[in-house]
Amino acid sequence: MGQMISLPQGAVFMKKDHAMTNSQIVAEVFGKEHKNVLRSINNLDCSEEFGRLNFEPSSYVNEQGKVQPMYYLTKNGFTFLVMGYTGAEAAKFKEAYIQQFDQMESALQHSAPAINPVQLTELIRQAVAAALPQAVSTEPRKMLMVDAADWELAQLKISQSTPKRRPYTDEERITMRVMKAQGMTASEISEKTGRTMDSVKNFFYREGQNKQTT
């Protein structure tokens, strides 16, 4: 039995709540030209439905600033693609890839669903109401009124319980650069990516600063 090969960090990542990789990473790991990997994907003898579910067409901006095609692949898509990759080294890479897919999917299945800020606010409101029944208005259609100190405490709990902003992945950075290159506004990019407007603006501001320093 050969020794397990380690894949590059982020070879398998989360996208739309699915463990995925992309054609660029596959090309790098297996030592192939990206254009050849794209050709293989386009020539696969799979059904249209299987292709739609497991190969998501996308694009990226290369070093020359040109938009180039790429694909996102699910575990099933990756497995179907690399069936034809033969040899001892290829086998080791396939095994390592599948292991990373399994680990990512297992982590997703065992992760607890996060409570969004709106739900958290309501839970805190209910807790304060239970602790301070005398503060609740008995008149119909009136909002819960609490002491100012308790309200400040509730807001502090919200701020402390709100998850920290997750860092941008390499795939998100590439996607946002592509969107900007296609002429999309910060508002449109914010809507597409789920990032706040301030986060998008800060991202491109930092991008500009990095270019000036290089």
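Visitor: Which strand do three bridges join to β1, and how do the two run?

Guide: In this predicted model, β1 is joined by three bridges to β2, residues 18-22, and the two strands run antiparallel. For a single example, look at methionine 14: its bridge partner in β2 is alanine 19.

Visitor: What is the order of the strands in the open sheet?

Guide: To read a sheet, go across it from strand to strand. Here you meet four strands in the order β1-β2-β4-β3, with antiparallel pairing. At the edges are β1 (13-15) and β3 (55-61), each pairing on one side only. On average, neighbouring strands of this sheet are turned by 50° against each other, direction ignored.

Visitor: Which helices lie across β1, β2, β3 and β4?

Guide: Helix α1, residues 23-30, lies across these strands, β4 being 67-74, and runs at about 60° to β2. Helix α8, residues 170-181, also lies across β1, β2, β3 and β4, at about 70° to β3.

Visitor: At what angle do α1 and α2 pack?

Guide: For a helix pair, look at the angle and the distance between the axes. Helix α2 covers residues 34-42, and α1 packs with α2 at an angle of about 120°, their axes 9 Å apart. Because of that angle, α1 counts as oblique to α2. The crossing of α1 past α2 is right-handed.

Visitor: Which residues make the contact?

Guide: From α1 come Ser23, Gln24, Val26 and Ala27, and from α2 come His34, Val37, Leu38 and Ile41. Sorted by character, the residues of this contact are five nonpolar, three polar and no charged.

How values were computed
Residues are numbered from 1 along each chain as its sequence is written. This is a predicted model: local features need pLDDT of at least 70, side-chain atom pairs count only at pLDDT 80 or more; totals for chains, interfaces and linings use all residues. Side-chain values use heavy atoms; hydrogens and water are left out. Two strands pair if DSSP finds at least two bridges between them. Axes are lines fitted to C-alpha atoms, for helices over the stretch in contact, and angles run from 0 to 180 degrees between N-to-C directions. Contact means heavy atoms within 4.5 Å. Angles under 35 degrees count as roughly parallel, over 145 as roughly antiparallel, 65 to 115 as roughly perpendicular and the rest as oblique. A crossing is left-handed if the near helix is turned anticlockwise from the far one by less than a right angle, and right-handed if clockwise. Ala, Val, Leu, Ile, Met, Phe, Trp, Tyr, Cys and Pro count as nonpolar, Asp, Glu, Lys and Arg as charged, and the others, Gly among them, as polar.
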